[in-house]
Amino acid sequence: MGLHCDTVSQIHFEDVEVSGDRLVGAVGQGLPIALAALDSGRLGIAAAATGLAQGALDLAVSYAKDRVQFGRPIADNQGLAFLLADMEAAVMSARATYLHAARLKDAGRPVGRAASVAKLIATDAAMRVTTDAVQVLGGAGYTTDFPAERYMREAKVTQIFEGTNQIQRLVISRDLLKETS
Ligand SMILES: Cc1cc2nc3c(=O)[nH]c(=O)nc-3n(C[C@H](O)[C@H](O)[C@H](O)COP(=O)(O)OP(=O)(O)OC[C@H]3O[C@@H](n4cnc5c(N)ncnc54)[C@H](O)[C@@H]3O)c2cc1C
């Protein structure tokens with residue numbers, strides 16, 4: 001669907017022997033180490049999704065100001081201007097949320113839940129904002145003349161990889177309930 005620069009394939013390991021000096025961390029600690037790597041990955045995905053949403057918003061704003069229909073720029077219609085306002089609110093929320101998580105990580109504090117929240121908020125924002133950008137461009141948004149349709153396709157996978165957004169909810173709720181039980 002998108003992400004054409006990323007070749008997707010599967011790898012299988014069978015009877016692989018790894019010498020002791022090649023171990024990452026201590027024996028038996030593989031899963032926690034792998035899960036910690038996901039926290040950083042989720043922050044990266046949140047940042048990328050925020051950029052994607054910002055790109056789509058910038059395109060939508062510029063197009064809405066330029067495109068004249070029925071004698072005036074389409075941005076002069078409140079129905080469309082309010083859509084742009086909602087898109088801006090979603091982008092700002094995404095940026096604030098992932099920067100909060102990034103600051104926790106920089107400070108060496110636990111970041112798992114915040115990284116999952118950032119991934120969830122930013123990627124859902126990216127999906128919504130890029131879809132709305134296609135709408136703002138109307139028929140032109142559906143064509144490959146503008147990057148809006150590509151932004152929309154690229155946004156979809158951010159809700160899926162590095163743990164689907166259903167799994168983010170699982171991570172967040174488990175951590176939340178552990179803390180308050
Ligand atoms: C372009 C691309 C690049 C990728 N790159 C990588 C990579 O670099 N490294 C890597 O390891 N993986 C990578 N993946 C794989 C990706 O991480 C998985 O596709 C993703 O984690 C979902 O797993 P799955 O496809 O097996 O879906 P499934 O686990 O089969 O899930 C299918 C659906 O069921 C839902 N679901 C499953 N379990 C639950 C549950 N307990 N509660 C609620 N809903 C649930 C899921 O949210 C999803 O909607 C990549 C995938 C793509 C498309």
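Ala, Val, Leu, Ile, Met, Phe, Trp, Tyr, Cys and Pro count here as nonpolar, Asp, Glu, Lys and Arg as charged, and the others, Gly among them, as polar. This is a predicted model: local features need pLDDT of at least 70, side-chain atom pairs count only at pLDDT 80 or more, and totals for chains, interfaces and linings use all residues. Residues are numbered from 1 along each chain as its sequence is written, and side-chain values use heavy atoms, with hydrogens and water left out.

**Stop 1: the ligand.** Select the residues around the ligand (a heavy atom within 4 Å of it). They are Leu3, Asp6, Val8, Val157, Ile160, Phe161, Glu162, Thr164, Gln166 and Ile167. By class, six are nonpolar, two polar and two charged. Now pick threonine 164. One of its polar side-chain atoms lies 2.6 Å from a ligand oxygen. Next, glutamine 166: a side-chain N or O atom is 2.8 Å from an oxygen of the ligand. On its own the ligand has 970 Å² of accessible area (Shrake-Rupley method, 1.4 Å probe), and the protein covers 35% of that area.

**Stop 2: the annotated span.** Select residues 28-176. UniProt, in an unreviewed entry, places "domain: Acyl-CoA dehydrogenase/oxidase C-terminal" there; such annotations may be inferred rather than shown by experiment. The span is 80% helix and 3% strand, with its end C-alpha atoms 26 Å apart. Helices (H or I, at least four residues) and strands (E, at least two) are DSSP runs, numbered from the N terminus.

**Stop 3: helix α3.** Go to residues 112-137. The expected span is 1.5 Å times one less than the number of residues. For these 26 residues that gives 38 Å, and the end C-alpha atoms are 37 Å apart, which agrees. Just after α3, glycine 138 takes a positive phi of about 60 degrees.

Conventions: A polar contact is a pair of N or O atoms within 3.5 Å; within protein, one must be able to donate a hydrogen and the other to accept it, and residues adjacent in sequence count only if both atoms are side-chain atoms.
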